[in-house]
Each structure stands twice: as C-alpha cells, then as structure tokens.
Amino acid sequence: MTVIDELHAMRDEALAAIEQAGDLAALDDVRVKFLGKKGSLTQILRGLGALPADERPAVGKVSNEVRAALEAAIDARNSELSAVALDARIAAEAVDVTLPGRAHPVGTRHLIERITAEISEIFIGLGYRIAEGPEVELDYYNFTALNTPPDHPARSLADTFYVKDLSGDVAAVTGESDVLLRTHTSPVQVRTMEREQPPIYVLAPGKVYRRDIPDPSHLPQFTQVEGLVVDEGITFGDLKGTLEHFVCEMFGADRRTRFRPHFFPFTEPSAEVDVSCGICGGVGCRFCKGTGWLEILGCGMVDPNVFGFVGIDTERYTGFAFGMGVERIAALKYNIPDLRMLLEGDMRFLRQF
Ligand code: PHE
C-alpha cells in the first residue's frame, strides 16, 4: 500500500467517524484522533522522509487535500451538532409563558390597628406619650381607685368578666374575685398617676372586655384609647379644644362636635361627645337615627377623689380624661354597619380598607 493509499484509507475512515459522532464531545475526539498532534495524519506523514524525493510533492499535495477535506467535514458536522444541542437546550429551558403567575399576597395592618395608630399619631403630635397597662387587671385599678365603689352597678357580674382567683381568696358571697379582665382602659390612668408626677400627657390604647352578646354595635372584646392630662391650670376648655382638634383631624375639618352632660364615676363634670353625622351632614338620616349626631367618646375633668387615691395634690393640679372605642370610630369613619364584621376575617370585607 502506497502512502497515498494509506492517506485515502485514513480519510474514508475519518469521514465515517465524523458522520457517526453523536455530539460535540465525540466529534472533538474524532478530530484529535485523526488530525491531532499525535493523530493518524501525523503518523502517516512521519514516513515521508523515507520516500524518494520525486514522490514527495504528490504525497504532500494529497495530505493537504485530506486535511482540508477532514477539516471541512468536521466544521459541517460541528454546525449540525451545535444546532441539535441548541434545540435541545431551548426545549429543556422552555418557559411556558401562558402559565398563570404565582401570586404573593401582601399582608396589611388590620383596620383596627390602623385606626388605633392614626388616633395615637394625632395625640403624639400634641405631645402625648403612649402608656400601657395589663388586660388582666385588679379590681382596685379598674373600679375602686376610679371612684367606683363596691356597690356600683358597673361592677355587676353581668358586665364584667371576673378571673377565678386560685389563691383561695375569692369573695365567697358574690362570687367575684378581685382579678378581672379590664372593662375599660381607664385603669391605665391610675397606674400612670401612681408612677409619675404631673405634668402628665398620656394616651393608652388597648383591648378591653365586657360581658356583652355580640351584635351590630357590641363586642365582648374591643379596643379603647384612653387619654389623660394632668397639669397646672387645666380646664374644661382645654378638654374641649383638644377633642375638637382630634375630631377635625380624624373625621375632617367640616365635622362639628357637641358635648352632652353625662356621668362617669371618675370624672366630674363628665360629658359624652358627639360628632355631626358624615352621611347627612347633620340634618338627620338613618345612620344617625335622625338626630344628626353620632356619639364617639366619653370624657370629663378628673374627679378629685381619683387624685386622692394616687396622691396628686388637688390644690395644685387639675386634669381631664377621655376614652373612645376604636371599633366604633372605625365604623363611623367607614360606614361599617356591623362591628362583628371587623372580627370575622372575611377577606372580601377586609380588602376594602
Ligand atoms: N372609661 C369610660 C368608658 O369606658 C370612658 C371614659 C374615659 C370616660 C375617661 C371619661 C373619662 O365608657
């Protein structure tokens, strides 16, 4: 077999191998095997020196042709295999743009939380600090120190959740213990005045509990915000001005307020505050039961008896207090017909706010 025959045989073998290479890695192996530094072509050409000088040009020419043919075949196969590889990758990484996206619902603060924060911001803007007290409270703070004597109707078992006192200290006759779920945030007034001397400007938001059957306007657990101011020279005029400012900030500057005489054991004089109805503008409608007014809070000048319990000098200091129900304010602001909707967790309702 001449060297030229050898070259042709090698070329045919290589062309077949190129055709059979199933992927780019296999094709590269073929290239190395036949055209690489230690490949078949180099091996064959190594014998070139032994040839007579006049045969060498012809062999050189054929070897160049073989190399060119193999390189062309490798390039062509390379293109084919690259296209196949690309198709495979596109298929594997395909994104179905028609699939519905995955929703990531974002939570928000509950309406009651937000209104409580809004109320707090208004008073913080006036220089008030936030104060806190326990929800499981002593009778002394919830009633006694708030000038509510033991025979007062507000203490009735029908209104208050009493907590069973396991110390054996339970008042056997009435079944009442001196531990209860606070029925209002007013005990925070007492706790604050026990701890601090005037000037006191505090706001106490928190949960309160009453033995009420839930209905459109009652909840057994609800939220109150208590305000307390004690300082020199505080008058009922300061109370009025403060609450009028609050109503304008909360409901809008066009709303009017009205103070009606009322009674609370721990304030004297006491008042209930109404805001003009936002639906009818004060003319009277179903929402305000034809009166043109909506009740929003209770307030009054701190009763000197309360100062007596906490040792604040009634000659030097006077003060006012107020308390409002957050659920009720939310209902008035957003025309919510039933307070229970605020607790049901129905997303169709909650999403509106
Ligand atoms: N604590 C009273 C209530 O729950 C509201 C109130 C607070 C009234 C402060 C006067 C002063 O009804």
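Leaving aside its neighbours within four places in sequence, with which residues is Asp 274 in contact? In this predicted model, Asp 274 is placed in strand 7, which covers residues 267–276, and beyond its sequence neighbours within four places it touches Arg 256, Thr 257, Arg 258 and Arg 260, together with Trp 293, Leu 294, Glu 295 and Ile 296. Asp 274 has a relative accessible area of 3% and therefore counts as buried, the limit being 20%. Its side chain is joined to that of Arg 260 by a polar contact of 2.8 Å.

Salt bridges were also examined across the model, and the count comes to 17. In helix 2, which spans residues 24–35, Arg 31 and Asp 28 lie three residues apart, or about one turn of the helix, and they form a salt bridge in which the closest N and O atoms are 3.0 Å apart. Arg 31 has a relative accessibility of 35% and so counts as partly exposed, and Asp 28, with a relative accessible area of 35%, is likewise partly exposed. In helix 4 (residues 56–92), Lys 61 and Glu 65 are four residues apart, again about one turn of the helix, and their side chains meet in a salt bridge with an N to O distance of 3.5 Å. An α-helix has 3.6 residues a turn, so residues three or four places apart point the same way. Lys 61 counts as exposed because its relative accessibility is 56%, whereas Glu 65, at 42%, counts as partly exposed. A further salt bridge, of 3.3 Å from N to O, links the side chains of Glu 93 and Arg 89, and both of these residues are exposed. Through salt bridges that share partners, Arg 258, Arg 260, Glu 272 and Asp 274 are joined into one network.

A contrasting case is offered by Glu 327, which lies in helix 10 (residues 326–334). Glu 327 is buried yet has no salt bridge, and the nearest side chain of opposite charge, that of Lys 207, is 8.9 Å away. A salt bridge requires the nitrogen and oxygen atoms to be within 4 Å, so the distance of 8.9 Å to Lys 207 does not qualify. The side chain of Glu 327 does, however, make a polar contact of 2.8 Å with the side chain of Thr 223. Apart from neighbours within four places in sequence, the residues in contact with Glu 327 are Ile 112, Leu 219, Phe 222, Thr 223, Leu 339 and Leu 342.

The surroundings of the ligand were considered next. Of the 14 residues around the ligand, those that come nearest are His 184, Ser 186, Arg 210, Gln 224 and Glu 226. A polar side-chain atom of His 184 is found 3.0 Å from a nitrogen atom of the ligand, and a polar side-chain atom of Ser 186 also lies 3.0 Å from a nitrogen atom of the ligand. For Arg 210, an N or O atom of the side chain is 2.9 Å from an oxygen atom of the ligand. On its own the ligand has 320 Å² of accessible area, of which the protein covers 90%.

Packing in the interior is illustrated by two helices. In helix 7 (residues 187–195), the residues Pro 187, Val 188, Gln 189, Val 190, Thr 192 and Met 193 are buried, and the buried residues of this helix pack against several elements, including strand 2, helix 6, strand 4 and strand 5. In helix 3 (residues 40–46) lies Leu 41, which is buried because its relative accessible area is 1%. Beyond its neighbours within four places in sequence, Leu 41 is in contact with Leu 7, Met 10, Phe 34, Leu 35, Ser 63 and Arg 67.

Finally, some details of the backbone may be noted. The peptide bond from Pro 198 to Pro 199 is cis, with omega near 5 degrees, and Pro 199 is found in the loop between helix 7 and strand 4. A cis peptide bond also joins Glu 268 and Pro 269, where omega is about -5 degrees, and Pro 269 lies in strand 7. Lys 289, although not a glycine, has a positive phi of about 50 degrees; Lys 289 is placed in the loop between strand 7 and strand 8 and is exposed, with a relative accessible area of 74%.

Note on methods:
Residues numbered from 1 in each chain as written. Predicted model: local features only at pLDDT ≥ 70, side-chain atom pairs only at ≥ 80, totals over all residues. Heavy atoms only, no water. Helix = DSSP H or I, 4+ residues; strand = E, 2+ residues; numbered from the N terminus. Buried < 20%, exposed > 50% of the residue type's maximum accessible area, 1.4 Å probe, protein only. Lys, Arg positive; Asp, Glu negative; His and termini not counted. Polar contact = N/O pair within 3.5 Å; in protein donor to acceptor, adjacent residues only side chain to side chain. Contact = heavy atoms within 4.5 Å. Near = heavy atom within 4 Å. Areas by Shrake-Rupley, 256 points an atom, 1.4 Å probe, with all protein chains shown as cover.
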